[in-house]
Amino acid sequence: MRIAVFAISFASVERALVALDFLLQPGVFAADATVRALADAGVSVAGDIKVAKVPDDMDYIVSLGGDGTFLRAAAWSGASGVPVAGVNMGHLGYLAAFAPSELTALPRILAEGRCQLQRRSLLEVRFPDRVHLPEGFWPYALNEVSFLRLGSASMIDVMVEIDGRRLATYSGDGLIVSTPTGSTGYNLSVGGPLIQPGVEAWSISPIAPHALTMRPLVVSDRSMLSIKTNCRTSSFRLCLDSRAVSLPAKTRVEIRKAPFAVNVVLRPGRTFADALRDKLHWGVGNGE
């Protein structure tokens with residue numbers, strides 16, 4: 001079995017050394033980002049570890065960090081279908097199924113099949129009009145696609161069509177289109193609904209809407225959304241998970257369901273309700 005370790009930073013040298021010990025095990029490789037993270041932490045890795053250039057040759061990807069690292073690991077995995085297992089070395093770690101104390105035993109857990117895989121859908125963004133995008137721009141998001149204003153003193157208008165028909169114009173600080181996976185993230189913080197993974201739906205949630213009648217909406221993920229912004233500034237910010245790009249105002253963006261999914265490694269028997277109670281303290285203070 002071949003495992004690629006993905007990390008973007010380490011909170012301490014001690015955490016970096018724990019990762020290095022794991023990387024020295026047989027069949028364990030480091031993604032390029034992990035090599036850079038170890039070097040930034042002051043840990044020398046010259047000649048000590050094996051490097052995985054592409055994820056396709058791996059059986060699993062292990063993400064070391066928080067939810068942001070997990071999202072970057074999912075982007076590195078791309079359309080390969082290689083399952084991603086999260087080890088929470090961050091704060092909340094909602095997407096991570098394993099604790100740092102389990103890292104040494106993780107290869108055995110994965111090899112013995114003592115886990116379950118859950119397919120998580122992604123959003124794909126397209127641009128009907130030609131726009132300048134950064135080199136290597138990955139047009140997919142596991143959590144959400146956000147339309148945000150650049151200026152702090154004025155609103156942004158986000159005009160949404162669904163399957164070619166006008167839905168609404170949302171005026172405020174922006175708009176979030178979220179997958180079920182992302183429903184517990186940015187979407188939740190702006191009052192959007194929680195959606196159980198596996199439900200074929202998206203949430204459209206306004207950020208600080210100017211009109212109180214503009215409420216979050218759940219739509220089918222078989223829909224095609226066409227979205228255009230209007231604002232006083234010359235550009236707006238488009239965010240795909242934790243990756244942001246500035247685009248000219250009035251740029252049309254289309255959102256579809258991606259043609260591939262991310263396979264997330266979970267504990268056997270782990271449910272959505274378990275995650276809500278453990279990570280979000282669902283029901284705490286109500287006799288539980």
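This section describes the overall dimensions of a predicted model, followed by the surroundings of one central strand pairing and of one buried alanine.

The protein contains 6 helices and 17 strands. Its C-alpha atoms fill a box of roughly 55 × 50 × 35 Å when the extents are taken along the principal axes. For a chain of 288 residues, a compact globule would be expected to have a radius of gyration near 19 Å, and the value of 20 Å computed for the protein agrees with that expectation. Buried residues make up 51% of the 288 residues, and, of the contacts with a separation of 6 or more, 65% are accounted for by residues 24 or more positions apart. The accessible surface comes to about 13,500 Å², with 50% of that area belonging to carbon and sulfur atoms. As regards charge, the protein carries 29 positive and 26 negative charges, the mean positions of which lie 5 Å apart.

Strand β11, which spans residues 174-178, is mostly covered, with 5 of its 5 residues buried. The side chains divide between two directions, Gly-174, Ile-176 and Ser-178 pointing one way from the strand and Leu-175 and Val-177 the other way, and the residues of both groups are buried. Two pairings involve this strand: strand β8 (residues 144-148) pairs with β11 in the antiparallel sense over 5 bridges, and β11 likewise pairs with strand β12 (residues 201-207) in the antiparallel sense over 5 bridges. Ser-178 takes part in the register of both pairings, since it is Glu-144 that stands opposite Ser-178 in β11, while Ser-178 in turn stands opposite Ser-203 in β12.

A further buried position is provided by Ala-141, which is found in strand β7 (residues 140-141). With a relative accessible area of 0%, Ala-141 falls under the 20% limit and is therefore classed as buried. When residues up to four places away in sequence are not counted, Ala-141 touches Leu-122, Leu-123, Thr-179, Leu-240, Asp-241 and Arg-243. In addition, the C-alpha atoms of Ala-141 and Ala-258 are separated by 8.8 Å, although the two residues are 117 residues apart along the chain.

Key. Residues numbered from 1 in each chain as written. Predicted model: local features only at pLDDT ≥ 70, side-chain atom pairs only at ≥ 80, totals over all residues. Heavy atoms only, no water. Buried < 20%, exposed > 50% of the residue type's maximum accessible area, 1.4 Å probe, protein only. Helix = DSSP H or I, 4+ residues; strand = E, 2+ residues; numbered from the N terminus. Pairing = 2+ DSSP bridges. Rg over C-alpha atoms; globule rule 2.2 N^0.38 Å. Contact = heavy atoms within 4.5 Å. Areas by Shrake-Rupley, 256 points an atom, 1.4 Å probe, with all protein chains shown as cover. Lys, Arg positive; Asp, Glu negative; His and termini not counted. Charge placed at Lys NZ, Arg CZ, Asp CG, Glu CD.
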